Amino acid sequence: MRIDIRDIHKHYGSTRANNGITLTVKPGTIHGILGENGAGKSTLMKILSGYIRKTSGKILVNGSVCDYHTPAQAAKLGIGMLYQEPLDFPPLTVLDNFMAGQTRGIKNQKDFFRKKFESLVDHFNFTLNADGAVEKLTIGERQQLEILRLLALGTEGLILDEPTTGISREQKESLFQALKKLASEGKSVLLVSHKLQDAETLCDTVTVLREGVVTGSVDQPYDAGAILEMMFGVLPGTPSRSAVEYGETVLSMKQVYGSGGRTGLSNCTTSIRQGEMVGLAGLGGSGQEVFLRLAGGIKKPSMGSIELLGEEVQGKNLHAFKKDGVVFLPASRLEEGLMPGLNITEHFALQDQGDGLFVKWHEASGTAQAKIKKFRVMGTPESAVESLSGGNQQRLLLSLLSKDSKLLLLEQPTRGLDVESANWVWWHLHKYCLRKTSVVFSSSDLDEILMVADRVIVFFDGRIVKDVKKDETDIDELTRAIVGKAQ
Amino acid sequence: MSEFNLTILLASVVAGAVPILLATLGETITEKAGIINLSLDGSILLSAMTAFVVAYETGSILMGFACAALAGALVAAVVAVFSIYLNQSQVAVGFVLTLMTRDLAYFLGNPYSRLQGPSVLQHPIPLLSDIPFIGEVFFNHTFPVYLSLLLIGLCWWYMYRTPQGLNLRAVGENPRACFARGISPAKIQMFYAVCGGAFVGLAGATFSLCTKPGWGRPQGAEGTGWIALALVIFGGWHPVRAAVGAYLFAFLQVIGIYFQNWFPSVPAQVFQVAPFPLMIFTLLIINFVQKESAIDRAGGKAWMKSILGTLSGAPPTALGKSYRPD
């Protein structure tokens, strides 16, 4: 399928998300769309998939102008999109998700669709069980399901919006293999990403967007420096690190069991020392998130003992954890971290509540202003937090943390952030380490963990299968450990 | 009535549960599609009044039922239109409608108060009603009873075995994803809100033409809507479990009447009120065994997990939220 995008504009009020974008996707190729957060990639893709309407411009499919404005119409033309947040139905089964939107009428067509589904699963070597519940799947598996569903609809032009965010290395490889297969079958694939590596390993052509316009289009082989310059204007630096001396043990767990997530956490024994930066690796939902929540006092262990600064935490509530300087930042910033509906000043007012009957608005707005400047949050004290971009939400969350925190527990702190924002986050967290704060974070990106952590703990199926210093391991060993093949 | 007879007890539970069962099934359908119709209590009264007046004037009971279903569907349609097309809060609109339809029912029905009207006759089902015990309990009733029994199975089959039912459940979970798949959330929500409303209307008609024949103020149907709303939650948004809840509630009410006779020294009000706290207590127990820790304790026992699994029921994810396209 050949897709020509001609001079697409999308305006939201005075904001121009897309400002005259023109590009061509050739049949049988994988076309990368690169750009940092807010460059207009997702907007363009949602227009192409019929999910949102364009302000002006033309889309040509196989040479003829097509005017469509719903996903259903796009699907008829053969265009399907895998959205950044999976648009599926978690409480329903895999097969029900696969069928929804494809079946009509009153007749139960489960057998027909089961056959179709299973043959597609075999074709791509995926491991999906038709009768499992989608809420038990990892993000990577949910993507696989969605891709199969789109293909079953007869999709010839497949759009993937940030598909490599939040999935394991192995899932990424299986995804890339599937995409290569699709391209070799003559289908066109559009891959949206803010990660240069993805484009380098997969794409035949890359188009770079910045602030709603195309800043360049290049073919293999790529000059990474040139692409980065197209993305950012200036090259972002990598975070620098200096050695940190470790202090006493901050957190120690002995044979801890906990429930929740896909696998729960079983028989976890480990300890974290002051000033350590520890990366938690593993497939999504292998026990990392339970570990972080137990350590942060959000969840109670069903067995075992947890000690904070040498003191048993049994029977302590969340408030006591907070007093001890333990902080947990969840992956879903807006749902669990911030309070949508309140603005930045109100967040600080809530944070620094003193005694007294009245809110000290003057102080709060002063603090907000200072922190916005210091943490370079793109917003005003009056900005509602849900209007901030993901990177700015993370900066705001970090700005709300107390300076004398003893233990920072972060769940995927750079999820969905572009390189520049991520580097800033790591630089900021490193400063905490220098002040003897321990930082424990989970990440689905092994390269990132190896870049910033001092020590790596690998989780598999709810257990710790590897716990090593960064210098004593390499990416292959960790990759094996993640899928349960640690020696 | 002081003599205890299990057959009569169960038969009166099956008959007495019908209005609450119909209303609960209707609301389950509506909520499964993501719309909360809080106007239940008022719309039951309005449809009860409609059914009685129409049946009285036309002499046709069937006409009464049809018009009552229409009235229930209309009230539900108002809630749905305000939510889907005008982006208003379902809760607020539902509450106001509850009060409005109740007063409307009393006002319009006033001339028909305490009149002797038609009521549904008993139609034992040939052959089936001759089966000992079962025949007496299930097949020696009026047609609304048979309808309600049929609808339990039909609702389940439709929701879980047909493509249309899949769409219905999908819309309640994630309207956005439905839109992306070419299913129109607005149309589906509208359709099932109206369907559920029609069920509620039938519930009202069953009251005034069958369970407590006649019209007056109070009619006797007051409060049923609220119980039905609670039973939907009790049933975990599953039609069969909701039906079990409705029968349990009816059973508690009927047994209360027996207890009144057995313990005349206890004030009658105690037995009238008792079903309500008992339902809450049951809910508490169900939720307790659903808790993660309880499932943990079941450990490796697969059969325990599957039992606990069937007991659990989460609300449709998008329940009560107005869907706005991006």
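Axes here are lines fitted to C-alpha atoms, for helices over the stretch in contact, and the angle between two of them runs from 0 to 180 degrees, taken between N-to-C directions. Keep in mind that this is a predicted model.

Q: At roughly what angle do the axes of H2(B) and H12(B) cross?
A: Let's start in chain B, where helix H2 covers residues 18-32 and helix H12 covers residues 239-262. Their axes come within 9 Å. The angle at which they cross is roughly 150°.

Q: Is H2(B) roughly parallel or roughly antiparallel to H12(B)?
A: The two axes cross at roughly 150°. Angles over 145 degrees count as roughly antiparallel. The crossing is also right-handed. So H2(B), set against H12(B), is roughly antiparallel.

Q: Which class of residue is missing from the contact of H2(B) with H12(B)?
A: On the H2(B) side you'll find Ile20(B), Leu21(B), Thr24(B), Leu25(B) and Thr28(B). They meet residues of H12(B) including Pro239(B), Gly245(B) and Phe249(B). Sorted by class, the contact has nine nonpolar residues and three polar ones, and none that are charged.

Q: Which helix gives the most to the side of chain B that touches chain A?
A: Here 22 residues of chain B are in contact with 24 residues of chain A. Three helices of chain B, namely H8 (163-173), H9 (175-180) and H15 (292-298), each supply at least two residues to that side. By class, the side has eight nonpolar, six polar and eight charged residues. The top giver, with seven residues, is H8(B).

Q: Which residues of chain A is Gly182(B) in contact with?
A: Gly182(B) sits in the loop between H9 and helix H10 (185-211) of chain B. It counts as partly exposed because 17 other C-beta atoms lie within 10 Å. Leaving aside neighbours within four places in sequence, its contacts are Pro71(A), Ala72(A), Ala75(A) and Gly101(A).

Q: Why do the buried residues of H17(A) line one face of the helix?
A: Helix H17 of chain A spans residues 475-482, and its buried residues are Leu478(A), Ala481(A) and Ile482(A). What covers them includes helix H6 (169-184), helix H16 (446-452) and strand S19 (455-460) of chain A. They line one face because, seen down the axis of H17(A), they fall within an arc of 100°.

Q: Which residue takes a positive phi just after H17(A)?
A: H17(A) runs over residues 475-482. Just after this helix there's a phi of about 85°, and the residue that takes it is Gly484(A).

Q: Is Leu150(A) buried or exposed?
A: Leu150(A) belongs to helix H5 (residues 139-152) of chain A. Not counting residues up to four places away in sequence, it touches Gly80(A), Leu82(A), Thr155(A) and Leu158(A). The cut-off for being buried is 20 or more other C-beta atoms within 10 Å. Leu150(A) has 21, so it is buried.

Q: What separates the C-alpha atoms of Leu150(A) and Met81(A) in space?
A: Along the chain, these two are 69 residues apart. In space, their C-alpha atoms are separated by 7.6 Å.

Q: Which residues does Ser383(A) touch, not counting those up to four places away in sequence?
A: Look in the loop between helix H13 (361-374) and helix H14 (390-400) of chain A to find Ser383(A). It counts as partly exposed because it has 18 C-beta neighbours inside 10 Å. The residues it touches are Asn343(A), Ile344(A) and Leu388(A).

Terms used:
Residues are numbered from 1 along each chain as its sequence is written. Chains are lettered from A and ligands numbered from 1 in the order in which they are written. This is a predicted model: local features need pLDDT of at least 70, side-chain atom pairs count only at pLDDT 80 or more; totals for chains, interfaces and linings use all residues. Helices (H or I, at least four residues) and strands (E, at least two) are DSSP runs, numbered from the N terminus. Angles under 35 degrees count as roughly parallel, over 145 as roughly antiparallel, 65 to 115 as roughly perpendicular and the rest as oblique. A crossing is left-handed if the near helix is turned anticlockwise from the far one by less than a right angle, and right-handed if clockwise. Two residues are in contact if their C-beta atoms, placed from the backbone, lie within 7 Å. Ala, Val, Leu, Ile, Met, Phe, Trp, Tyr, Cys and Pro count as nonpolar, Asp, Glu, Lys and Arg as charged, and the others, Gly among them, as polar. A residue is buried if 20 or more other C-beta atoms lie within 10 Å of its own, exposed if 12 or fewer, and partly exposed in between; C-beta atoms are placed from the backbone. The arc is that of the directions from the helix axis to the C-beta atoms.
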